[in-house]
Structures are given as C-alpha cells and as structure tokens.
Amino acid sequence: MAPLVPSQGELQRRRLIGINAETVTNIPSTDFPGHWPGESHGWALDKFKNDFKVDYHRNDPYEASFSLIGLDAAVANAFRRILMAEIPTLAIETVYVHNNTSVIQDEVLAQRLGLIPLKGSVEGINWMHWEQKSTGDEASAAPELTDFNTVVMHLVVECTKNPDAAEDETDARKLFHNAHVYAKHLTFEPVGRQEQYFVGEGAIRPVNPDILIAKMRPGQQIEMELHCVKGIGADHAKFSPVATASYRLLPDIHIQRPIIGNDAKKFAKCFPKGVIGLEPVTSQEASQAGSGYEGHAGEMKAVVKDAFNDTVSRECLRHEEFQGKVKLGRVRDHFIFNIESSGQFESDTLFLEAVKVLKLKCARWKRGLDDLMA
Amino acid sequence: MPGSVHSQDPQDQSMVDVEQPQEELVLDERRILVLPGSSDTAASFQFEGEGHTMGNALRYAIMKNPAVEFCGYTIPHPSDAKMHLRIQTTDSTTALDALKKGFQDLMDLCDVVTEKFTVARDQFNEENSSKMQS
C-alpha cells in the first residue's frame, strides 16, 4: 500500500499549536512513524534537506536573530542548551592575591573578576585547549600550566592622592588617582606561543573596559595575578559564551470571521504596533454573499500584517466582540532564535559552534558504541 | 509462602534485580552501559555525563526510525549526571543498531543545518553590505 499523503490543509493544521484563552492545545509533535495510520514519517535526509530553511533577521557581533524552519523542538532545544552550557570559553579561573588592602574581600573580588567577559584573538582562543575539570580525585592532579591552557593577567593598582585636585573637590575620582578600579586595569602577559596569537588587537582584554571592579581610597592597593582557563557554562556561568540564547515559536493569527469598523480598530489595539493592519473592504468582497462583508464596502476591516512581531498576549481573546472570530496559534517548527554573545565570539559563529558540538558528541558516543559491539 | 514479586519467568527479565552492570566501556572518562535485562530488540542504555540536551535530541532521532517501536529517555536522579535511554525495536533491527542509526541521523541533520545556516548568513551579510553602500 502506498503511504497516504495528508492534504496541505491537514499538514498546516498539524503545524499549529493552539493558543486559547486559558489553554494550549495540540502541543506534542506527531511526525513520527506509526502515529498517523498509513503515513510514513520515517527519517529521510533528502526530505529534511528539502524542507529545512534558515531565515536571517539580524547579524551583529553581539546579537544575531534568525529563524530555523522545519526542525523539531528536541533538536532546536539541544542547540539552545549547548549554546548556553557547552561551548568552551576563556574566563578568569584562579586568582592569586599578593596584596589586597582594599575594603573588598579577596574572595568577593575574585568572584567579581571571574565574571568579567574577556576577548582576544579568536584564532588564539580556539588554539587553546579546554581540559575537563578534575572531579576531585586525588589521582588526577591539576594539569600542568602551559601556554595552551592558561592565560596570565595581572591587576596591580594603587590608590593615591591627587595633588592637583581642587580644594573643594568632592568627586573621589578626581580627588584621588585610581579611586575606581576598572576592567581596563587588567594587564595581559603573553607566555610562549601566546605571543604569536594574542598580539595587537588580538591581545586578551576585557570586552568592556569600564566594568567597575572595586573602589579604593589613598593608601589602599590591589596586587594580584589572574589565571584564565577555558571552561564550559555547565561548570560555571562565567564560561557561558552567551548573555542570552533563546528561541520562540512564530506566532500565527487567523481571522476567521470579518472584524469591521470600530471593532477592527479595537482589535488592532490588542496587538503590538504593525501586527494588525486596517484595509478598506472592497466592493467585490461586499458584493459576495456569505462573506460577512455584505453592505460594508468602504469600511475598514482588520487584516494580519505581520504576525512575527506579535507577543501572543491573548488580549484579543478577552473581549466579547472577538469571540469566535480569531484563532491564535504558534507554528510548531518555526523557531526564531535570538543569540546575544557576551563578546568573546561572534553570535553567528556561536550557533555554528553549537551545531558542531552536538555533532561531535554524537560522533564520540557512536565511536564508543562501535567499540562496545566489537 | 506468597509468590515472589520477582517473576521466575526467564522471559520477564526487565523486573529482575541484578547487581552487576553487564558491559562497561571507557570513553574519554565517560561511559555507556547496557543496563541489565536487555535483549537484542529491547535495551536500556546509560549515558554518563549526558542530560536533556543529548537525551531529547537522540530520542527524537531514534523515534524517527520506522523500525523502532518505543524510545524514551529519563534522568533518574537530578544529582547524578546520568541519562537512561530505552529503545524497543521490531525484529527487523536491534536496539544497538537503532541507537547507532540515531546518532548517524543526528549527525547528518547537523551537517544540513550547518550548510543551510552558512548559506543564509552569507547571503544576508551580502545583501546588507550592499544596502549600506548604496
């Protein structure tokens, strides 16, 4: 028996998740073999290649937005989770405090330093090795510090009085030198082959030089050595390469029965600007019996202009006059990703990196299975 | 004496208490175990160091295989970094093969995503740079 092919209308219905006033319906994906009698839904790479689509909306170094269409939530979510927790980045991990007479305690200062996003030559950062943190076993001693696993930085700042300050000056930043310690005070010291990678613009430095680290008064000083290593977000959030990585499903608004005149204006106000537009009812529509537009030629009707920007607030479902006239939904396989890089890598590279990590994980486990069977 | 809660029927293996895991495999310090009570067409695997990221994606890929009757994953305890994956197949394949195919399909999927993403991004960049120049 040849497999049944569902109609376009049926497929479109399956693609929509229903958003109702109080409930969400038609949630799980059903595109699996054996779910719909007579239909095949087995994995077919050609079909996936054909159906999968990427739409790019925005591509800035620190923010990228794009749509992945034709994916299952399980896979899209895997990409999102990997983006946040499994892409190795460089961050300050160990702080050696030689001197700290500021009022902020060593451990608090160290914690603050760790959270500062660093940037530098991407090539160099990729060249560096990421070593899985030892799980506390005595046998696995700390790895030897080398140029490919540790970046050394220093923070040496001393606060002094500013003799040139005006007598009635009250601003501590003018009254003293180095009253505020900023991220720009971190100095990088290349070791070994790092001198080739992290030169000039590629030097390791904070993404934002103006992050306030500590405040001091004359006579206080901070002198510390910072060791940066590569790590992953699953170990500590400071290693997460993204500020946020999220997706939402494309909203879908379907006006089932005409919304005309003042109702149309009110309807448009239920949505963010630009989502619902007003158009005059054409005489052709008005002359068509049963369309709901009879005798309304020239009046304004509500039309869906751009569902992409809708927030799916469901406000329109609260009003009596729109009952049964509108159906809200979300498209199950249209993921609008938004990735904000914390600055070490560019946002689009991060997504590609996430896909690579998932593939590598699969490859590694699969190789393990081959050994298991042998 | 009341009957044991554990069936004596050798067919019903999944309910039997077994102390020792059967096979073990070291792989970058992370292991796959085949949990006790497995047969050719029905087996549970334990993945160490994996979570929902791999679990759900893999479950999806394996469920897409027509020869698989059931596939599900669980993380039995939130403080153990362990993921259990159950696969039951028809007689036309084995659970292990279904798992391998799942990995392969997921890898193929990743390739397609990378390829299409790169094309879409490059095209977007090109259009935008030309927009800025004009």
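Select residues 12-28 of chain B: here pLDDT, the predictor's confidence in each residue from 0 to 100, stays under 50. The model has 29 contacts beyond four places in sequence for this stretch, a contact being two residues whose C-beta atoms, placed from the backbone, lie within 7 Å. This is a predicted model, in which local features need pLDDT of at least 70 and side-chain atom pairs count only at pLDDT 80 or more, while totals for chains, interfaces and linings use all residues. Residues are numbered from 1 along each chain as its sequence is written, and chains are lettered from A and ligands numbered from 1 in the order in which they are written.

Next, select residues 1-10 of chain B, where pLDDT also stays under 50 and the model has 5 contacts beyond four places in sequence. Where pLDDT is low, the predicted coordinates should not be read in detail.

Now colour chain B by confidence. Its mean is lowest in strand β1 (residues 26-27), at 40, and highest in strand β5 (residues 82-89), at 97. Helices (H or I, at least four residues) and strands (E, at least two) are DSSP runs, numbered from the N terminus. Following chain B from that end, the elements run β-β-β-α-β-β-α.

Finally, show both chains. The predictor gives the complex an ipTM of 0.90 and a pTM of 0.89. In contact are 37 residues of chain A and 37 residues of chain B. On the chain A side, α2 (45-51), β3 (53-60), α3 (73-85) and α10 (347-373) each supply at least two residues. Select α10 of chain A: the largest share of that side, 17 residues, comes from this helix.
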